[in-house]
Amino acid sequence: MNSFIVPLNVSQASISEVGGKGINLSRLIRAGFPVPPGFVITTAAYHAFVDSNDLNAAIFALVDDRIQSVEEISAAIRLRFEQANIPDNLSSAIVSAYIQHFPTLANEAPVPVVARSSATAEDLLGASFAGQHESFLNVCGEQELLRAVQRCWSSLWTARALDYRSRKNIVPGSLGMAVVVQAMVPAQAAGVLFTVSPLSMSRDEMVIEAVWGLGESIVSGLTTPDHVIINRVTGAIKQIMVGDKAVMTAPVGSGTAERDVEARLRHTPVLSTSQVAELATLGEAVEAHFGTPQDIEWCAANGNFYIVQSRPITTLPPQTVHWESPIPDAKWQKDVQAAEWVIEPLSPLGATTTLAAMVSARQTMRTWPPVPKVRAPWSTLMNGWFYQR
């Protein structure tokens, strides 16, 4: 197409072009996962918008301001975005892509879509930016889409994102914002799936949270979702806590609104046992595809699950290393004498020469008659640390 627009399933895309969310969804859709179709408005479009309205100087001056609060800086930057105009060539490219990907027949209502922010610094292994940029659901029509895109660009400068980037030492000049435009799924249910429990940090547990309607009510914390814990080893459900789902997010006109959940559904589980198993299997496949635990946003419509976002979980501690004792049922302890001068994990060479010889000699001196060779070794490394029997 052009530098402003690429299909969502494009194979040559990079994070610098389509952002973290865009690259992850592109990888999933090309791998055959159930991702709603669409296209990406690239970071080139963001930079063209910023350049055509001379926004960079004002943005960087405000970011460097040490007097105003981060909330005031964010509001000032976003006001400038709101007052700016999208260049004609850029708006034409966005509208053409919308018409091409989501055509409508004469006299039909516009196809509803979702506009999702996709920044170049988000959804990475070291920085997730979860919930710090904005997305807009049930966007209907060309003008509504252009407004949503402009607000997505503006959300690169939310107060939360500014503060988070400052703590992560991310340079503002390196940033860009793409926008993922996808078909709107008429979800009866939605939620999040953590392929590793974010609470227990157990890699043997998976957690699903689910609500009725669109996922916005769970992301914004407006309602109490169902909470399901699954044993990843056996696949069995360990615990189900049914939430009081008093409120749901539903599409209305062009946009969304909060609605009361029917009384009969407030305390009814959103997912059946078979749906939990299906979603857990899907989550394991997504994790295997990316090679790291994932925080997945999903929705369900007409009996089918769809993935609308997947990002790495960045809060997990390092995975422990499995260790097998060289002698079954042997008891091992830290070598107290060696610990006086071995203050860090050993190299394999140091462990198998100097210290091993020292421990072996010490054990021989202490034992009479000599211990049969079958009981060796007397020392071992546990995660790099020196232990003795």
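## Overall organisation

Among the contacts in the protein chain with a separation of 6 or more, 67% are accounted for by residues 24 or more positions apart. The model described here is predicted, and its protein chain holds 12 helices and 16 strands. Of the 389 residues in this chain, buried residues make up 46%.

## Two nonpolar cores

The largest nonpolar core comprises 44 residues, and the members that touch the most others are Ile-41, Phe-49, Phe-81, Ile-94, Trp-153 and Trp-157. A second core, separate from this one, has 36 residues, including Leu-265, Leu-271, Leu-282 and Val-286.

Phe-81 illustrates how the largest core is joined: leaving aside residues up to four places away in sequence, Phe-81 touches Tyr-46, Phe-49, Val-50, Leu-55 and Ile-59, together with Gln-150, Trp-153, Ser-154 and Trp-157. Three of these partners, Gln-150, Trp-153 and Ser-154, are also among the buried residues of helix 6.

## Helix 6

Helix 6 spans residues 142-154, and its 13 residues reach 19 Å from the first C-alpha to the last, which is close to the 18 Å expected at 1.5 Å a residue. The buried positions of helix 6 are Leu-145, Leu-146, Ala-148, Val-149, Gln-150, Cys-152, Trp-153 and Ser-154. An α-helix has 3.6 residues a turn, so residues three or four places apart point the same way.

## Cavities

The structure contains 2 cavities of 30 Å³ or more. The largest has a volume of about 50 Å³ and is lined by Ala-210, Asp-226, Val-228, Ile-240, Pro-269, Val-270, Leu-271 and Val-276. By class, this lining has 7 nonpolar, no polar and 1 charged residues. Leu-271, one of the lining residues, is also a member of the second core.

The second largest cavity has a volume of about 30 Å³, and its lining consists of Leu-193, Leu-279, Leu-282, Gly-283, Val-286, Ile-296, Trp-298 and Ile-307. Two or more of these residues come from each of helix 10 (273-290) and strand 12 (294-301), with helix 10 giving the largest share, 4 residues. The lining divides into 7 nonpolar, 1 polar and no charged residues. Leu-282 and Val-286, which belong to this lining, are likewise included in the second core.

## The second largest pocket

About 300 Å³ of space lies in the second largest pocket. Its lining has 15 residues, of which Val-63, Arg-66, Leu-162, Ser-166 and Pro-172 are the closest to the pocket centre. Helix 4 (70-83) and helix 7 (159-167) are the elements that give two or more residues to this lining, and the largest share, 5 residues, comes from helix 7. In terms of class, the lining of the second largest pocket has 7 nonpolar, 3 polar and 5 charged residues.

## Residues with positive phi

Most residues other than glycine have a negative phi. Asp-54, however, has a phi near 50°, a positive value in a residue other than glycine. Asp-54 is placed in the loop between helix 2 (43-52) and helix 3 (56-63), where its relative accessible area of 64% makes it exposed.

Asn-302 also has a positive phi, near 55°, and is again a residue other than glycine. Asn-302 lies in the loop between strand 12 and strand 13 (304-312), and it counts as exposed because its relative accessibility is 63%, whereas the exposed class begins over 50%.

Conventions: Residues numbered from 1 in each chain as written. Predicted model: local features only at pLDDT ≥ 70, side-chain atom pairs only at ≥ 80, totals over all residues. Heavy atoms only, no water. Core = buried A, V, L, I, M, F, W, Y, C linked by side-chain atoms within 4.5 Å. Buried < 20%, exposed > 50% of the residue type's maximum accessible area, 1.4 Å probe, protein only. Contact = heavy atoms within 4.5 Å. 1 Å grid on protein atoms, 1.4 Å probe; cavity = no way out; pocket = protein on both sides within 12 Å on 5 of 7 lines; lining within 4 Å. Points joined across faces, edges and corners; volume = space filled by probe spheres on them. Nonpolar A, V, L, I, M, F, W, Y, C, P; charged D, E, K, R; others polar. Expected span 1.5 Å × (residues − 1).
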